[in-house]
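Open the model in your viewer and set it to a cartoon view. Keep the selection box at hand for the stops below.

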Amino acid sequence: MIAHIGLKFCSHRGEAMSHNPIRPWRSIERRKSRKIRVGSVEVGGDAPIAVQTMTNTPTEDAAATIAQIERCAEAGADIVRVSCPTVESTAAMPEICRNSPVPIVADIHFHYKRGVEAADAGAACLRINPGNIGSPDRVKEVVNAARANGCSIRIGVNGGSLERHLLEKYGEPCPDAMVESALDHARILDDLGFHDYKISVKASDMFLTVAAYQQLAEVTDAPLHLGITEAGGLRTGTVKSSIGMGNLLWMGIGDTIRVSLSADPVEEVKVGFDMLKSLGLRTRGVNIIACPSCARQGFDVIKTVETLEDRLAHISEPISLSIIGCVVNGPGEAAMTDLGFTGGGKESGKMYISGRPDHNVSNADMVEHIVELVEQKAERLKAQREEGDTIAAE
């Protein structure tokens, strides 16, 4: 489905523009949703789409869990979810929440008391599954704990754990069943006067997931957490998630995302940000535009890009960089990026600055030179941003 045409994100370098979009065919008009907070992170409304991941360390091992959270935060995670299946895991939550650089979501299944304990321990949000959390009375206890501790809640519907009565009614997991489950649970929270919740309707079936979110987006203003659950390994899961979640994001649906991969959680964060960057919805870090390489390449494009991705992973300021092997598309791509390198000369190539040809660089010195230029630009952008923040504060 083609995205609704609106304003928002349209500059060729990904900056958000508020008036007179130059390229309306690149615009995404986000669905209007109410805003909630997950700790210090705003979700929904006009807030940036948040990127989440989930730890896979034993939660009771607080040191290992905190270390993994820190790596995820360094990669750009805005929020991290931690599973709380046991008393021992929630006992570790005070230390985890206290030392985490980002808000923590406690993942609760089967036993509502773990939700109460996690809220008391400092979790910023509780993820509960209406298919397995228990009776409305148990949900009420979790809600009371969330309210008392300033927690938000995620209603997490999963195609693989729908309530029995819905499976009997519909015969199988389907969009109607998933949306009905989500709305039934939202009604319980609303009746309790609790509105600080977001909703997810995930399934491993990409078609089912997309259809459920489309349907849900029409009947609630709650923020929506996107994901294709159990998507698979790094490569296949990335493809599957990008197709499903990419379609939804392009339609303007989604306020926070988690890419579910059988891989290091840091990879989930990277894929999530790359997905948002490709749609112009987030601009964190270096966006490398590179050719696939061919016999015309004037240098080893593939190796160079791999090296630069690793060397520039620490950059958080939004910078676009083109790495093109020859002059067929190189100058045109470089004209659209902050920095660019185009091969074609004898053991050297042309460096572009702000879209214009600037100077030649030898292939041997190219990587170090590009890293230096990117880091210098990042420092300038950071200084400008901090200066703007200071002026705004005054």
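The tour goes sheet by sheet, then turns to helix pairs and one loop residue. Keep in mind that this is a predicted model.

**Stop 1: the eight-stranded sheet**

Select S3 to S10. These eight strands make an open sheet in the order S8-S7-S6-S5-S4-S3-S10-S9. The pairing is parallel. At the edges are S8 and S9, the latter at 225–226, and each of them pairs on one side only. Strands of a sheet pair through backbone hydrogen bonds, either parallel or antiparallel.

**Stop 2: strand S7**

Now narrow the selection to residues 152–158, which is S7. Is this strand enclosed or open? Seven of its seven residues are buried, so S7 is largely enclosed by the rest of the structure. Colour the two faces separately. Ser152, Arg154, Gly156 and Asn158 lie on one side, and Ile153, Ile155 and Val157 on the other. Both faces are covered. In a regular strand the side chains alternate between the two faces of the sheet.

Add the neighbours. S6, residues 125–128, runs parallel to S7 and is joined to S7 by four bridges. Across that pairing, isoleucine 128 stands opposite isoleucine 155 of S7. S8, residues 197–202, also pairs with S7 in the parallel sense, over six bridges. There, glycine 156 has serine 200 of S8 as its bridge partner.

**Stop 3: S3, S10 and the helices across them**

Move along the sheet to S3 (residues 50–54) and S10 (residues 256–258). Three bridges join these parallel strands. Pick valine 51: its bridge partner in S10 is isoleucine 257.

Next, show H1, residues 62–75. H1 lies across S3, S4 and S5 and runs at about 155 degrees to S4. Then show H9. This helix lies across S3 and S10, at about 160 degrees to S3.

**Stop 4: H8 against H9**

Keep H9 (residues 265–278) and add H8 (residues 234–250). Their axes are 10 Å apart, and the helices pack at an angle of about 35 degrees. H8 passes H9 in a right-handed crossing. For sticks on the H8 side, take Leu234, Thr238, Ser241, Ser242, Met245, Gly246 and Leu249. They meet Glu267, Val271, Met275 and Leu276 in H9. By class, this contact has six nonpolar residues, four polar and one charged.

**Stop 5: the five-stranded sheet**

Select S11 to S15. The five strands form an open sheet in the order S11-S12-S13-S14-S15, with mixed pairing. S11 and S15 (356–362) stand at the edges with a single partner strand each, so one side of each is left without a neighbour in the sheet. From one strand to the next the twist averages 25 degrees.

Zoom in on S13 and S14 (residues 348–353). They run antiparallel and are joined by six bridges. Here phenylalanine 341 stands opposite methionine 351 in S14.

**Stop 6: the aromatic pair**

Stay on phenylalanine 341 and add phenylalanine 299. How many aromatic pairs does the model hold? The count comes to one. Phenylalanine 299 and phenylalanine 341 meet edge-to-face, at 5.3 Å centre to centre with 75 degrees between the planes. Phenylalanine 299 sits in the loop between S11 and H10, and phenylalanine 341 in S13, so the pair ties together parts that are 42 residues apart in sequence. Both phenylalanine 299 and phenylalanine 341 are buried.

**Stop 7: H10 and H12**

Show H10 first. H10 lies across S11 and S12, running at about 160 degrees to S12. Then add H12, residues 366–393. H12 packs on the sheet and touches S11, S12, S13, S14 and S15, and its direction makes about 165 degrees with that of S12.

Now view the two helices together. The axes of H10 and H12 come within 11 Å and cross at roughly 35 degrees. The crossing is right-handed. Thr304, Thr307, Leu308 and Arg311 of H10 make the contact with Met366, Val367, Glu368, Ile370 and Val371 of H12. This contact has five nonpolar, two polar and two charged residues.

**Stop 8: a loop residue**

Finish at glutamate 172, in the loop between H5 (164–170) and H6 (175–191). Not counting residues up to four places away in sequence, glutamate 172 touches Leu167 and Ala177. Draw a distance to alanine 64, which is 108 residues apart from glutamate 172 along the chain. Their C-alpha atoms are separated by 39 Å.

Conventions:
Residues numbered from 1 in each chain as written. Predicted model: local features only at pLDDT ≥ 70, side-chain atom pairs only at ≥ 80, totals over all residues. Heavy atoms only, no water. Axes fitted to C-alpha atoms, helices over the stretch in contact; angles between N-to-C directions. Left-handed = near helix turned anticlockwise from the far one by under 90°. Contact = heavy atoms within 4.5 Å. Nonpolar A, V, L, I, M, F, W, Y, C, P; charged D, E, K, R; others polar. Buried < 20%, exposed > 50% of the residue type's maximum accessible area, 1.4 Å probe, protein only. Pairing = 2+ DSSP bridges. Phe/Tyr/Trp six-rings, centres within 6.5 Å; stacked < 30°, edge-to-face > 60°.
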